[in-house]
Amino acid sequence: MSEFFDKEFRSASGLDWDDTTDDEGSRRGFIAGLDEMVIKGKDGAAVWDLRDYAFLQREEAPATVNPSLWRQARLNMAAGLFKVTDRVYQVRGFDLSVVSFIQGDDGWIVIDPLISKECAAAAIDLVRRQVEDRPVSAVIYTHSHIDHFGGVGGVISREDVTAGRARVIAPQGFMEAAISENLIAGTAMTRRAAYMYGSLLPRGPKGQVDAALGKMASQGTVTMVVPTDYVDTTGAEMKVDGVDIVFQVTPGTEAPAEMNFFFPAFSALCMAENCSHNMHNILTLRGAQVRDARAWSNYLDEAIGLFGSESELVFTSHHWPVWGRERLLEYMKKQRDMYRYLHDQTVRMINRGDTGIEIAENFELPDDLAREWYNRGYYGSVNHNVKAIYQRYMGCFDGNPAHLHPLPHVEAGRKYVEYMGGADALLAKAREAYAKGEYRWVAQVVNHLVFAEDNEQARSLQADALEQMGYQTENATWRNFYLSGAMELRDGVKEAQIAGTGAAPLDIVACLGPEMIFDAMAVHLNGPKAAGKKAVINLRFTDTGQEYHLLLENSVLNHGEGALEGADVTMSLPRATLDAIVAGAADPKAAFGSGAVSVEGDGGKLGELFSLLDADVFWFNIVTP
Ligand SMILES: [Zn+2]
């Protein structure tokens, strides 16, 4: 990336590069950090390490990082314990997310205990050493994403809950949402999340610098404690450890189950992840269901009406708080209007006949919104959010029948290459385009050759183009996608050790209803292989006494409550054994051999069913066929 680009970007951005409000906000109330910013797991391996980011100490952006993203990457480096206001604390920079601590009458109320239990434990340890050593009286999950509950095991145990020492509060629909996002399409999402966060990239000016919401996702132990209290209505009030809390439920915003809440005694408003210091995703690049920008905006408007006039500060579960009523109102209003503008203008243009790609190409936020740092597209982007809104209403088909039944990439690639006069001719032209800085076009056209044949020169040129786009983009997730793709084009897919490569964590599986487990099994059934097969299997959980049946026919696996008459086979087992098999923590054959599972009837039918269940493939190709 040239110095020219850097200067051009800075002046064209209209951004106030001398504004220090965020720098001050990210450091305000700092109490203490760790001597060394590394958190280790049981085996001594780092699950979180900020030392790799020392290169960010330099203020000026290097030529290989967009200066606006560099600024955000530096802001996300503020790590440690911070006092937000009396009785409200946050630990930031201990994971992708931020954990908040409210001083109740007797204990700590913990809001959003990070991804990994090791990180959450380190956070509360710091709070106990620096502020007050007291137990955790309650945990609040603001929403159903794993970076807001996975570390709960580091602050409370299930025994704390059953013994009545701690309660766990979550929005209505939390469990279903938490699980459906992590279970059904979890493997593919996790593989793509590694691209989105740049987990496999080296840290550095030519590698991963940030993940927009924070530095990176931690790699420790994911845990789950099922909520004891669900909030289902806006205006609901609760006294938690002597502290009054007023809730606003915001389903279908940043997460399917999410809530904001207000602490009248502290004039403090928690906006969950509905506000943040960047434009958020209407559709995340790792893959997810499209969110509703209109509902999101409406709920922000409602929050302003409910709590705005009483709030003196807003804190969230990523980034730093905003203090002062005037500033927080402006912040909330401009975030509201940013999502509203994206939604309304996209729909306006849909109804004039434009497609997603066309609308996104020239879409710009008005200056008043675009120039606020907290509206910059570090996480979501104007471009992919506009396409997401198109997708929500219109789907992925743009209406042009020429796009209705296209050839797949490999076949199309071969034809394109042939029509362009062969690989050498295509490469020669693409190199000219590269020299002119037409990186988007190079990536688009060379991709045909990459998919058409095993061509090292094509992969290399493709990687060059992706890297240039990665260095230029303001968006952290785009950068990570580009650079991860370039890395795999150059080196191939390397199976690396990253957390959560496939099956759901055992702690989460143990919290699932049996129906959810059976749904997860059903999406592994190899339909073509199951053609013509029939089986009726009864299942009895020896510990809970519950009975279910599985029905294999028509190449689908249905399930229901209760045992069926005339089943081929009945399998009895403790629920924990099934959990371990589903989570990949136990081998089915070993479980059967161990005596934990007893089988009555035709055991062959069980073996047949298991043989029809496909294992997920985690390290699938993305940038090559
Ligand atoms: Zn989050």
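Helices are DSSP runs of H or I with at least four residues, numbered from the N terminus. The present structure is a predicted model, in which local features need pLDDT of at least 70, side-chain atom pairs count only at pLDDT 80 or more, and totals for chains, interfaces and linings use all residues. Residues are numbered from 1 along each chain as its sequence is written, and side-chain values use heavy atoms, with hydrogens and water left out.

The zinc ion has as its protein donors (N, O and S atoms within 2.8 Å of the metal) Asp147 (OD), His148 (NE2), Glu273 (OE) and His318 (NE2), at 2.0 to 2.1 Å. Their spacing in sequence is D-H-x124-E-x44-H. Because the four donor atoms subtend angles of 84 to 175° around the zinc ion, the arrangement is irregular. Two of the donor residues, Asp147 at 9% relative accessibility and His148 at 0%, count as buried (under 20% relative accessible area, 1.4 Å probe, protein chains only).

The structure also holds two cavities of 30 Å³ or more; a cavity is a set of points on a 1 Å grid where a 1.4 Å probe fits but cannot get out, and lining residues have an atom within 4 Å of a point.

| Cavity | Volume | Lining by class |
|---|---|---|
| Largest | about 110 Å³ | six nonpolar, six polar, two charged |
| Second largest | about 50 Å³ | eight nonpolar, no polar, no charged |

Of the 14 residues lining the largest cavity, Asn76, Ala78, Arg92, Gly93 and His319 are the closest to its centre. The lining of the second largest cavity includes Met521, Leu539 and Phe610, and helix α22 (residues 603–611) supplies the largest share of that lining, three residues.

Conventions: Donors are N, O and S atoms within 2.8 Å of the metal (3.2 Å for Na, K and Ca); water is not among the atoms, so sites may look incomplete. Four donors count as tetrahedral if all angles lie between 85 and 135 degrees; four count as square planar and six as octahedral if opposite donors are over 155 degrees apart and all others between 65 and 115; anything else is irregular. Buried means under 20% relative accessible area, exposed over 50%, partly exposed in between (1.4 Å probe, protein chains only). On a 1 Å grid over the protein atoms alone, a cavity is a set of points where a 1.4 Å probe fits but cannot get out, and a pocket is an open set with protein on both sides within 12 Å along at least five of seven lines; lining residues have an atom within 4 Å of a point. Grid points are joined across faces, edges and corners, and a volume is the space filled by probe spheres set on the points. Ala, Val, Leu, Ile, Met, Phe, Trp, Tyr, Cys and Pro count as nonpolar, Asp, Glu, Lys and Arg as charged, and the others, Gly among them, as polar. Helices (H or I, at least four residues) and strands (E, at least two) are DSSP runs, numbered from the N terminus.
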